Amino acid sequence: MIIWRKYAQVLQILAAMWLLGSCTLSSPTSAPAGELQAQAQEAASPTVTASLAPETPAPSPSETPIQTVTVAPEPLHFIFPSAAPPPISAWRPPLYPTPWVPTAFDHFYFGRPIGADQVNWPLADYRYGGVFFKDTVHSGVDIDAPKGTPVMAAGPGKVTWVGYGLNTGSENLRDPYGLAVSIRHDFGYLGDMLYTVYGHMDQVFVYKDQHVDGGDVIGLVGETGNVTGPHLHFEVRVGLNNAVRSYNPELWMSPPQGWGVLAARILDSNGSPVARQTIKIYATDSDRTWEVKTYGRTQIGINKDPYYQENMVIGDLPAGDYVVRVEFGQTAARTRVHIDGGQVSYFTFHPKDGFVVGPPPTPQAHFTPPVSTDTPTPTP
Ligand SMILES: [Zn+2]
């Protein structure tokens, strides 16, 4: 235990050096209008039991048509912050009630920390695992919101941190998270504690050790810490309240009803997860497109889901059919995927074998899905 604590201290120092809530602000590709209110139903036993598999049979690799085209090499580039207000161009339904557990492998235990009447989804350019500026890995997601927007607890739990210095300690006013709150939740995952983190706040309305319920307003959006504009930096941490134990919040925040999540494992020709690979996603029934980058296997603080072992996630996709395009080298391949509401759709891509659409073939050896006796049960 002592060794582990020392290890944790070392990790914390590393985290102070490498991780952050260093987040910037840019225009999202879509934004909401209208009134969205997450339904606060009691849902200790979600009823959805649908399979992860798409409705249509997943084609085998040999059946997956791979269209190869030649493309010009495209250098990686960053999209820098813009002062322009986010466009209001989309509406989102209410969220599924939490905890939302469509399969034994899923864990949408959290609501969203920004209200339904605001933009409450991650900025597309500042997703989990992104590398901003120089060697700065993003250990959470950024949610665009004006200064003063209420920040809500994503689930019930006990406040374990309030103030500056979350990452660097000693009430450090230069801490990248700025004024931050962390919550240790009343439920866990696979026997580990779950924490959420809220960074860059302007004001905080809770105190350490206070118990909060999901949806309680814990403070206001601000621009403290490493930011170039007001927004909320939101993290999910598993097992340890440290940025090195962050996981992709898009696999933990309940989706809008009728909308789903796409996760994938993009491999290089050696079979290793490839980082910073741009994946393009096209809706087949509209002209909407999305871009998302993969995250790597060697980034400190970037962790893959125990089951999905993903290196790419994009949430908030309306149910329907999509085309996914992966570039590798000077070629590209594409396949169709189907998104089901409230569920995770998944594919694997290997440059030689192409796409395999469907859930991961087998859970990792060390992964055991939760059983009824240890399925976390949030307290009301
Ligand atoms: Zn951030």
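## A four-stranded open sheet

In this predicted model, four strands line up as an open sheet in the order S17-S14-S20-S21, with mixed pairing. Strand S17 (312-318) and strand S21 (354-357) sit at the edges; each has a single partner strand, so one side of each is left without a neighbour in the sheet. Direction ignored, neighbouring strands here are turned by 25° against each other on average.

Let us look at one end of this sheet. Strand S20 (residues 344-350) pairs with S21 in the antiparallel sense, over four bridges. If you would like a pair of residues to find on screen, try Thr348, whose bridge partner in S21 is Val356.

## Around Phe347

Which residues does Phe347 contact, once its neighbours within four places in sequence are left aside? The list is Ala264, Val324, Thr335, Val337, Phe355, Val356 and Val357. Val356 has already appeared above, as the bridge partner of Thr348.

## The largest nonpolar core

Phe347 also turns up in the largest nonpolar core, which has 79 residues. Together with Ile143, Val151, Tyr198, Ala263 and Ala264, Phe347 touches the most other members of that core. Which strand gives this core its largest share? Strand S14 (residues 259-266) does, with six residues. S14 is also one of the four strands of the open sheet described at the start.

The core draws on two domains: at least three of its residues come from each of domain 1 (10-44 + 91-251) and domain 2 (69-78 + 256-357).

## Strand S7 and its partners

Now to another part of the chain. Strand S7 (residues 157-163) pairs with strand S8 (residues 179-189) in the antiparallel sense, over six bridges. Within this pairing, Val159 has Ile183 in S8 as its bridge partner.

S7 pairs with strand S10 (residues 211-212) as well, again in the antiparallel sense, over two bridges. Here the residue to look for is Gly157, whose bridge partner in S10 is Val212. As a viewing tip, side chains in a regular strand alternate between the two faces of the sheet.

## The chain as a whole

Stepping back, how many helices and strands does the protein chain have? The count is one helix and 21 strands. Of the 380 residues in the chain, 44% are buried.

Contacts that span long stretches of sequence also stand out here. Among contacts between residues at least 6 apart in sequence, 70% join residues at least 24 apart. One contact to look at is that of Phe347 with Ala264, two residues that are both among the best-connected members of the core.

Technical notes:
Residues numbered from 1 in each chain as written. Predicted model: local features only at pLDDT ≥ 70, side-chain atom pairs only at ≥ 80, totals over all residues. Pairing = 2+ DSSP bridges. Axes fitted to C-alpha atoms, helices over the stretch in contact; angles between N-to-C directions. Buried ≥ 20, exposed ≤ 12 C-beta atoms within 10 Å, placed from the backbone. Contact = placed C-beta atoms within 7 Å. Core = buried A, V, L, I, M, F, W, Y, C linked by C-beta atoms within 7 Å. Domains from an automatic or database assignment.
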